[in-house]
Amino acid sequence: MARLALLSVSNKTGIIDLARSLVEEFDFDLISSGGTAQALKDAGLPVTKVADYTGSPEILGGRVKTLHPRIHGGILARRDVPQDITDLENNQIRPIDLVVVNLYPFEETIAKPGVTLSEAVEQIDIGGPAMLRASSKNFAHLTVLCDPAQYDEYLQELRQNNGVASLEFRQKAALKGFSHTASYDQVIASYLSEAQQYTFSGTQLQSLRYGENPHQPATWYQTGTTPTGWTAATKLQGKELSYNNLVDLEAARRIIAEFTDTPAATIIKHTNPCGTALGSTISEAYQKAFNADSTSAFGGIVALNRPIDAATASELTKTFLECVVAPSCEAEAQEILAKKSNARVLTLADLSSGPKDTVKAIAGGFLVQTSDDIIADTSQWQIVTERQPTDSELAELLFAWKVCKHVKSNAIVVTSDRTTLGVGAGQMNRVGSVKIALEQAGEKAKGAILASDGFFPFDDSVKTAAAAGITAIVQPGGSLRDKDSIKAANELGLLMVLTGVRHFLH
């Protein structure tokens, strides 16, 4: 008797090709439900609807289709237990050798703006997870597939092993099935919990060589059921990504996401920007960012908000870079970058979308906060000095403020011509950060802008900035001694703007 495969998928990518191979190469019979059955029929493939196989019609608007003993008995039967085989024969149930299931798009549904609770609830799959769990439990006797990416590997298993998938493959597929249902349930639980319970899980993508240091094992996981963010990126060339690469890439993505209207480039070292700039072209933006601190740029992580063209690629190959990411890469540029074969070059079409929350582990638990994705609104800023900003100064202040947001606190950023000149990051006191940023800027600080992620508790840093030639300062304000800093700015002829928002980054 032909073997039996059950196909019931929401994501129909690759299902027709898989089904055709099952029928034509390996003599499978197919049973299927709903839209999958129709798709197979339209493709000219022989298929029996689940309702016809079970003798029970789909009911409740399709909510109940596969929850039937002829389905779950065929999935759960142990082929080496005589009583199970007898039960199958007595109830006219065929054993099922392959189950191909993926789930209703709950995560995609709740991501849509304005989705209602009832709309979301309708996308909670019931029969699919039940079949996935049952099939995964019985991996000793059948194969379960929940991802189109598994189809080719499964067919190769059959071709190489006389039409039978190996136990090793079946167990690996079962683990993926359990991981898929766990991730799916986690998304639902988080959506419905309304912050009373915070759960998260992930599916292992790959083991990394190590973590921050060689003695720390590390693993990369994908959250959710659909690849997004870095799991959806395409690596065009280069070595495998490391833990530190991914951490720095995310820091670069967060900065570059601040700039959409103008070509922008940032170069990251240890999660801090050593150079960030805007330009009329992406090549110009990168050159300005590189020249801001060419010493630190060596071995850096580069993010660009425009496609990599040939001119930019030529500049990128002039120094050693760990990683480069951009929305896309032109063919000519890719040929140029190939000369630096070890450099990791990635494309990620959406560099703007990031996680809604950030999670930090602590002893005995973890902390969750919403991501710092507030959009700067200069109309809400308060100009507190006698001198008023020009349009150009306001644009420069905004640029400096956006960059400063992504520098480790205490953060100070000095900029001019939409380019960082000096960055003071992660110092134990703000005075130290001011000193580092101004020393790095040097003579270029004359006429430049200074941004601070937190307020100035004393006027000493204002005086230091003015002495170096700084002409305008943007800071959140909120100190009991704001008046001292404002007074010093007025006396020294500086412009000072208070944003009313701080951006500490620990």
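Which unit do β20, helix α19 (residues 482–491) and β21 make? In this predicted model, the three elements form a right-handed β-α-β unit. A right-handed β-α-β unit is also made by β19, helix α18 (residues 460–467) and β20. Strand β20 thus belongs to both units.

The strand pairings of β20 are listed below.

| Strand paired with β20 | Sense | Bridges | A residue pair |
|---|---|---|---|
| β19 (residues 449–452) | parallel | 3 bridges | Leu-450 opposite Ile-473 |
| β21 (residues 495–498) | parallel | 4 bridges | Leu-495 with Ala-472 |

Strand β20 covers residues 472–475. Ala-472 and Val-474 point one way from the strand, while Ile-473 and Gln-475 point the other way. In a regular strand, side chains alternate between the two faces of the sheet. Ala-472, Val-474, Ile-473 and Gln-475 are all buried. Of these, Ile-473 stands opposite Leu-450 of β19, and Ala-472 has Leu-495 of β21 as its bridge partner.

A helix pair is found elsewhere in the chain numbering. Helix α4 (residues 69–76) and helix α8 (residues 127–137) have axes that come within 8 Å and cross at roughly 25°. Because angles under 35 degrees count as roughly parallel, α4 is roughly parallel to α8. On the α4 side, the contact involves Ile-71, His-72, Ile-75 and Leu-76. These residues meet Ala-130, Met-131, Ala-134, Ser-135 and Lys-137 in α8. By class, the residues of the contact of α4 with α8 comprise 6 nonpolar, 2 polar and 1 charged.

Key. Residues numbered from 1 in each chain as written. Predicted model: local features only at pLDDT ≥ 70, side-chain atom pairs only at ≥ 80, totals over all residues. Heavy atoms only, no water. Buried < 20%, exposed > 50% of the residue type's maximum accessible area, 1.4 Å probe, protein only. Helix = DSSP H or I, 4+ residues; strand = E, 2+ residues; numbered from the N terminus. Pairing = 2+ DSSP bridges. Right-handed = clockwise from strand over helix to strand, strands pointing away. Axes fitted to C-alpha atoms, helices over the stretch in contact; angles between N-to-C directions. Parallel < 35°, antiparallel > 145°, perpendicular 65-115°, else oblique. Contact = heavy atoms within 4.5 Å. Nonpolar A, V, L, I, M, F, W, Y, C, P; charged D, E, K, R; others polar.
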